[in-house]
Amino acid sequence: RKNPTPECKKQLPPGPPTLVFLAKFLALRRSIFDLGPLLRELHARHGPVISVRLFRTLVFVADRGLAHRVLVQGGATFADRPPLFDPGRLFTAGSRDISSSPYGPYWRLVRRNLAAEALHPARLSLYAPARRAAGDALVADLLLLRARGGGGDGVLVRPAFRRALFELLVRMSLGATLGAEVLDEVQDIQMKILRSITSFPIFSFLPALTKRLFRKRWEAYVAVRRRQEEIFLPLIDARRRGGGGGDDGLPCYADSVLALRVAEEGGRPLTDAEVVTLCSEFLSAGTDTTVTLLEWIMAELVNHPDVQARVYEEVRSKKAELDDGDIQEARYLKAVVLEGLRLHPPAHFVLPHGVRGDDAEIAGYAVPRGAEVNFLLGGFGLDETAWTAPLEFRPERFLDGGEGCDVDITGSREIKMMPFGAGRRMCPGHTLGMLQVEFFVGSLVRQLEWLPVMEGEAVDMTEQLDFTTVMKYPLRARIVPRN
Ligand code: HEM
């Protein structure tokens, strides 16, 4: 089954009958991201590439070598995205963000703008003071939580992490520092959008009918989008009027988006709906991924005081306030973050890839136009043929002489782990994601000691699939200010 013979070339990859899959899938009910265990079971039975016919043909690839062949060596064949269903279309103004746009000139324009313009290292370093302020505010926030009674059961860190990172991303995206109430509302809106896109695609079945049958649900989505525009558009207009550069004089993502011109469409600027969509994507793509990774790493540091002590030794010798240069030099800290990404990649799937052309194939199996291809990257970093003791947290493997010391996070040579995807659709925010997590881990360890709630007790590292793969039992830790 794993190596199709020539006669079965051009067949679809093997897989379960639709009804069997649908019954199991519907039993999960919550979200497509609950699929992990079901897919692992199917791969064990059918091999590394499987397919199932649902609302479209879904193909799943669970092998890192194949992922390299398909995503990197395969060029643009699988660089498309399958068309979105509602409410995804509603929230992206008809696929006008980077992640859902079809492979083509518009995607190239907006992607290059994010990767090469808005997230250029020189731009990122302008935000170093904002990062430092966010790091200090986070430590103050955690200590306040501790003083308010979090001491006994330890401090529940996720809401504070999420707020700090979200506030920073809002500033980078829209160039605004929002009041607490609006900030909470925007956070809630972004959460609703993510949940809607990752929940069961009810409107993919006979949309005209299902939108009537589930009218309340559809109207609620429309109201969320309207409210998002009501909040974002005045902020975007302010940037437009100010010609870029707000009170703090820093350029933001919205400025770069407002400056874009779509050459293929007569050199027009982006519409308001497109600008809102792109700024919204910046927040959604950058928040959960980063918060989840930060939480996993801090949990590992609670469980591994020796690693935490080594990070502390490294960052304490830097200047009083960590700057981006200190972070660049902190090699052990970087190894800790890479090990976190290997063992706990926040996304266990890449976003679904679409197919270009009519003769695409994976491992000899046909992949028809209109199919969507998913990669189960969660297991790649745990492959025993690439990593020794893969379930253990050992940052040293990323230092000189270690098996991961020359790991290529972009996967261009080989894929040993793939936390940001690989190939043309690889995450364009990976430098920002890494920088922010390195910075926050460094600051949190520099200013606080992280201890288990009960001495000698290990943090429970059970996973739970949500939009990202989060800690099932959110981290609670005892935090003690360092002198
Ligand atoms: C630790 C942090 C992050 C992780 C683990 C992560 C992971 C990923 C993954 C796995 C993909 C899918 C790649 C594919 O479909 O092949 C992706 C795509 C994407 N990410 Fe990230 N990401 C992170 C941070 C960010 C940040 C900070 C931003 C921007 C502010 C960002 C923006 C995007 C965008 C726009 C895409 C779609 C790319 C495209 O379709 O061309 N990500 N990311």
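Which residues in α11 meet which residues in α13? Let's take that contact as our way into this predicted model.

## Where α11 meets α13

From α11, the participants are Gln228, Glu229, Phe232, Leu233 and Ile236. Across from them, α13 supplies Asp272, Val275, Val276, Cys279 and Ser280. Sorted by class, the residues of this contact are six nonpolar, two polar and two charged.

The geometry is easy to picture on your screen. Helix α11 covers residues 215–242, and its axis passes 10 Å from that of α13. The two helices pack at an angle of about 100 degrees. Angles of 65 to 115 degrees count as roughly perpendicular, and α11 and α13 are therefore roughly perpendicular to each other.

## Around the ligand

Helix α13 turns up again at the ligand. A shell of 24 residues surrounds the ligand, and the closest are Gly286, Gly421, Cys427, Gly429 and Gly433. Two elements give two or more residues to this shell: α13, spanning 272–303, and α17, spanning 430–447. Of these, α13 provides the largest share, with seven residues.

What is the chemical make-up of the shell, in nonpolar, polar and charged residues? It divides into 14 nonpolar, seven polar and three charged residues.

## The overall fold

Stepping back to the whole chain, the secondary structure comes to 17 helices and 13 strands. The radius of gyration is 23 Å, close to the 23 Å that the globule rule gives for 483 residues, so the protein is as compact as a globular protein of that length. Measured out along the principal axes, the C-alpha atoms fill a box of roughly 70 × 55 × 40 Å.

How much of the protein counts as buried? The share is 44% of the 483 residues. Contacts between distant parts of the sequence are well represented too: among contacts with a separation of 6 or more, 74% join residues 24 or more positions apart.

## A second helix pair: α14 and α16

Another helix contact to look at involves α14 (residues 305–316) and α16 (residues 331–343). Their axes are 8 Å apart, and they pack at an angle of about 140 degrees. That angle makes α14 oblique to α16, because only angles over 145 degrees count as roughly antiparallel.

On the α14 side you will find Val307, Arg310, Val311, Glu314 and Val315. They meet Tyr332, Leu333 and Val336 in α16. By class, this contact has six nonpolar residues, two charged residues and no polar ones.

## Backbone details in the loops

Most residues other than glycine have a negative phi, and most peptide bonds are trans. With that in mind, a few places in the backbone deserve a look. A cis peptide bond joins Asp86 and Pro87, with omega at about 5 degrees. Pro87 sits in the loop between α3 (64–73) and α4 (88–91).

Ser95 is not a glycine, yet its phi is positive, at about 60 degrees. It belongs to the loop between α4 and α5 (105–118). Ala363 is another non-glycine residue with a positive phi, here about 50 degrees, and it lies in the loop between β7 (361–362) and β8 (365–366).

Are these two residues buried or exposed? Ser95 has 18 other C-beta atoms within 10 Å, and a residue needs 20 or more to count as buried, so Ser95 is partly exposed. Ala363 also has 18 other C-beta atoms within 10 Å and is likewise partly exposed.

## Two helix residues to find: Leu39 and Pro129

Leu39 lies in helix α2, which runs over residues 36–46. It has 19 C-beta neighbours inside 10 Å, and 20 would be needed for a buried residue, so Leu39 counts as partly exposed. Which residues does Leu39 contact, leaving aside its neighbours within four places in sequence? They are Phe60 and Leu376. The C-alpha atom of Leu39 is separated by 16 Å from that of Leu382, a residue 343 positions away along the chain.

Pro129 lies in helix α7 (residues 128–150). With 13 other C-beta atoms within 10 Å, where 12 or fewer would make a residue exposed, Pro129 is partly exposed. Its C-alpha atom is separated by 8.1 Å from that of Asp323, although the two residues are 194 apart along the chain.

Methods:
Residues are numbered from 1 along each chain as its sequence is written. This is a predicted model: local features need pLDDT of at least 70, side-chain atom pairs count only at pLDDT 80 or more; totals for chains, interfaces and linings use all residues. Helices (H or I, at least four residues) and strands (E, at least two) are DSSP runs, numbered from the N terminus. The radius of gyration is taken over C-alpha atoms; the globule rule is 2.2 Å times the number of residues to the power 0.38. Two residues are in contact if their C-beta atoms, placed from the backbone, lie within 7 Å. A residue is near a molecule or strand if its C-beta atom, placed from the backbone, lies within 6 Å of it. Ala, Val, Leu, Ile, Met, Phe, Trp, Tyr, Cys and Pro count as nonpolar, Asp, Glu, Lys and Arg as charged, and the others, Gly among them, as polar. Axes are lines fitted to C-alpha atoms, for helices over the stretch in contact, and angles run from 0 to 180 degrees between N-to-C directions. Angles under 35 degrees count as roughly parallel, over 145 as roughly antiparallel, 65 to 115 as roughly perpendicular and the rest as oblique.
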